[in-house]
Amino acid sequence: MSVDLSLYRLVLDASWLVQAVMLLLLLASVFSWMIILIKARVLAEARRAAEAFEDRFWSGVELSHLYDTLRRREDVSGLEHVFTMGFKAFLQHRRQARDPADRTQVTGGAERAMRVAIAREGERLEGYLPVLATIASTSPYVGLFGTVWGIMNAFMGLSGERQATLAMVAPGIAEALIATALGLFAAIPAVIAYNAFSARVDRLLGRYDNFADELSGLLQRQPVPREREAAD
């Protein structure tokens with residue numbers, strides 16, 4: 001007697017628990033791919049924005065003019081956010097300092113503000129990466145659970161048979177192994193994307209840290225005109 005081992009038939013004939021595991025893994029795979037596509041676009045845009053801002057920053061533009069331009073915008077992010085937070089704190093501490101000529105005291109507040117801005121940008125860039133890590137780490141085990149349950153049911157079905165044959169257990173084992181395959185299908189892209197995105201986020205945050213150090217050095221050497229501070 002021939003046994004239909006097509007993928008469609010195996011899924012339909014699986015137990016409800018194995019089918020639930022399959023559905024859960026399919027949803028996890030779809031969700032992970034949505035995150036992968038969104039994060040790839042966000043990180044690519046962040047890298048391009050950082051390159052464009054650095055080109056503008058090092059083109060010789062006056063820092064106070066650049067700050068006045070950026071602070072009017074509501075969509076400031078990345079290096080622009082780090083710069084505006086740092087320069088704003090620099091102006092505020094310069095006004096409030098007892099000795100405005102003490103550049104170390106004045107730029108200390110700017111450095112702290114830039115560290116906070118970098119931390120916030122890190123939270124934004126790392127958004128949903130823990131979800132990818134969770135899918136990557138748990139999907140194989142969820143698939144293995146479905147496989148173990150399916151194989152257990154296949155062998156339990158032989159309890160009333162006097163003579164067991166491979167044809168009797170093959171469908172149950174095959175449908176159970178689909179759960180393992182789906183677990184790997186969901187986990188492998190997620191773990192690859194997580195590692196790749198984590199490395200890209202680390203490079204971006206390192207770039208932000210380097211910019212903050214460079215800006216701090218510029219602020220220590222370049223005084224801000226008083227009229228600019230009064231207008232802030």
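**Salt bridges and a nonpolar surface patch**

In this predicted model, Arg 41 has a relative accessibility of 45% and therefore counts as partly exposed. Its partner in a salt bridge is Glu 45, with the closest N and O atoms 3.5 Å apart, and Glu 45 is likewise assigned as partly exposed, at 38% relative accessibility. Because Glu 45 and Arg 41 are four residues apart in helix H2, about one helical turn separates them.

Helix H2 also takes part in a contact between distant parts of the chain, in which Glu 54 of helix H2 is joined to Arg 207 of helix H7 (residues 166–221) across 153 residues. In this salt bridge the closest N and O atoms of Glu 54 and Arg 207 lie 2.9 Å apart. Glu 54 is buried, its relative accessible area being 17%, whereas Arg 207 is partly exposed at 25% relative accessibility.

A further salt bridge is formed by the side chains of Asp 213 and Arg 115, with an N to O distance of 2.8 Å. Since Asp 213 belongs to helix H7 and Arg 115 to helix H5 (residues 103–125), the pair ties together parts that are 98 residues apart in sequence. Asp 213 is partly exposed with a relative accessible area of 45%, and Arg 115 is partly exposed with a relative accessible area of 39%. In addition, a network of salt bridges links Arg 73, Asp 75 and Glu 80, and the count of salt bridges comes to nine.

Apart from these charged pairs, a nonpolar patch on the surface is formed by Val 30, Phe 31, Met 34 and Tyr 128, which together have about 420 Å² of accessible area. Of these residues, Val 30 is placed in helix H2 (residues 16–57).

How values were computed. Residues numbered from 1 in each chain as written. Predicted model: local features only at pLDDT ≥ 70, side-chain atom pairs only at ≥ 80, totals over all residues. Heavy atoms only, no water. Patch = residues over 30% accessible without salt bridge, like charges linked within 9 Å, V, L, I, M, F, W, Y side chains within 5 Å. Areas by Shrake-Rupley, 256 points an atom, 1.4 Å probe, with all protein chains shown as cover. Salt bridge = Lys/Arg side-chain N within 4 Å of Asp/Glu carboxyl O. Helix = DSSP H or I, 4+ residues; strand = E, 2+ residues; numbered from the N terminus. Buried < 20%, exposed > 50% of the residue type's maximum accessible area, 1.4 Å probe, protein only.
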